[in-house]
Amino acid sequence: MKVPSPSAREAASMYGTAVAVFLVIVVAALQGSAPAESPFPFHIPLDPEGTLELSWNVSYAQETVYFQLLVRELKAGVLFGMSDRGELENADLVVLWTDRDGAYFGDAWSDQKGQVHLDSQQDYQLLRAQRTPEGLCLLFKRPFGTCDPNDYLIEDGTVHLVYGLLEEPLQSLEAINTSGLRTGLQRVQLLKPSIPQPALPADTRTMEIRAPDVLIPGQQTTYWCYITELPDGFPRHHIIMYEPIVTEGNEALVHHMEVFQCAAEFESVPHFSGPCDSKMKPQRLNYCRHVLAAWALGAKAFYYPEEAGLAFGGPGSSRFLRLEVHYHNPLVIKGRRDSSGIRLYYTATLRRFDAGIMELGLVYTPVMAVPPQETAFVLTGYCTDKCTQLALPPSGIHIFASQLHTHLTGRKVVTVLARDGRETEVVNRDSHYSPHFQEIRMLRKVVSVHPGDVLITSCTYNTEDRRLATVGGFGILEEMCVNYVHYYPQTQLELCKSAVDPGFLQKYFHLVNRFNSEEVCTCPQASVPEQFASVPWNSFNREVLKALYGFAPISMHCNKSSAVRFQGEWDRQPLPEIVSRLEEPTPHCPASRAQSPTGPTVLSIGEGKG
């Protein structure tokens, strides 16, 4: 497409503040604006057809993200941006659009009806646009925070990217309504931590864990399970790095992958390759839960710290591994073959420390429940000072990575470290968490936990579409609240979680029964899920349950890897006393907007390097 640039007068008549610029001038004026670590190390396909491909880089010094958007087969324009949960309504957008005379690039936003509006504050800045053999390439930047009420705050954690394709030229930007476009979303972690990559030792070897020649089912979502095994007599090694292997052409279909080690007590696990929900899946696959590696779309290689590695192989370690691949196939493509997986890098030269994985949060039990029709109900699990005092070494442990986990109603997850009754730092926070996007994330800063510290994990749930209470448990329609923290040196403590004391929950059922004409079943033979199912969820019953979870004693699970609790009294424990809490982070506004355009950039999309 070759679009001539309109005159400055024509541009002014459309947008009083529009700036008429050819792209070659833009490039020359902004030469060197990109961060030193260009080119762009992170990239993902945005749409399943491969029309849009996003690459990006992060400058923490400038608190700015640099984007490169490749648009193949451009028709009349494209929308790109971010929103809270991946919807095109109430989204923060940048738009390239055309009318019959020209092409324009501008910062925009959509309202709750999907109507697009030009933003009075232009925080997306175009740096370059050029035609390439692959398509139109747009380079632009945006600060993390802008203090514009119509803009999305880019922060640590999951970001829901949205896009839309314009098929026909428009009279104006305001003619766009997202409801009539071909749109979609992609989830990524935009703010990747800037961590130096440790050098690999000379004796590093690799092992590929991949499911061979899978025929991807012609359905939107598939979890594929594959069992493989280590060689007989495979000795103890340290995993020091891993990276994804994605079959070429399937980059938009392979959503995330995990490698699990099976329980050591089983001498054999049947070989299997098929959907994880298949009735033919051997029961023993359910005991392959120890995470060795996890990757999600947009992530690069995962490195362990130089002083630690994840042990596998040798006595007391299962030879059997389970690969789980999540295929996201919204176009229901059929006949596609795939052999994706994860490549492990390991060494026989054991490092100073074994890395460990510890579960924080809530015990998988129905006593922790979320009422129906809730928009933001919070449940909190504790790793108490009593448990860390008993189970951690005097020098403490060092958390370097974290994987957050809930089921379908989870919306936010955060773990906070408290010392001497005061919250001191966030271990990991995801304010836009999605159960459909889970990965092990390296922390930007290693968090040290000492004996006597408290780790508090809170999950926020949305149950607006549910008629009954959602109880805790293993089922996909039940809920979880977990943070799998990766740390060193490994200790015997594998699980440090809590739940409300069951006796106090029964007092709740008896109380609401008295206020609800004996409607709630409190008979001894009724299970907790049955009791929750009989609760009439009026405002009183909701608020009392919320209050109960905020003050009632807890049952602590301070467990060794053998699932046996450390010695001590762990029932009816008081909640940790927190006298000072961390404040929610406040966005940092850019100091100067002198270089920001006051309206959309009018541009010419020509050939060559422009």
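The following paragraphs describe strand pairing in two regions of a predicted model.

The first region centres on strand E22, which spans residues 320-328. Burial is extensive along this element, with eight of the nine residues of E22 classed as buried. Strand E22 is paired with strand E15 (residues 221-229) in the antiparallel sense, through nine bridges. Within this pairing, His326 of E22 lies opposite Tyr223. Strand E22 is also joined to strand E17, formed by residues 254-261, and this pairing is likewise antiparallel. Seven bridges connect E17 and E22, and here Arg322 of E22 is found opposite Phe260. In general, the strands of a sheet pair through backbone hydrogen bonds, in either a parallel or an antiparallel arrangement.

The second region is an open sheet composed of four strands, arranged in the order E28-E33-E30-E31 and paired in the antiparallel sense. Its edges are formed by strand E28 (377-383) and strand E31 (422-430), each of which pairs on one side only. From one strand to the next, the twist averages 20 degrees. Within this order, E33 and E30 are adjacent. Strand E30 covers residues 410-419 and strand E33 covers residues 454-461; eight bridges link the two in an antiparallel pairing. One bridge in this sheet places Lys412 opposite its partner Thr460 in E33. As a general feature, side chains in a regular strand alternate between the two faces of the sheet.

Technical notes. Residues numbered from 1 in each chain as written. Predicted model: local features only at pLDDT ≥ 70, side-chain atom pairs only at ≥ 80, totals over all residues. Heavy atoms only, no water. Buried < 20%, exposed > 50% of the residue type's maximum accessible area, 1.4 Å probe, protein only. Pairing = 2+ DSSP bridges. Axes fitted to C-alpha atoms, helices over the stretch in contact; angles between N-to-C directions.
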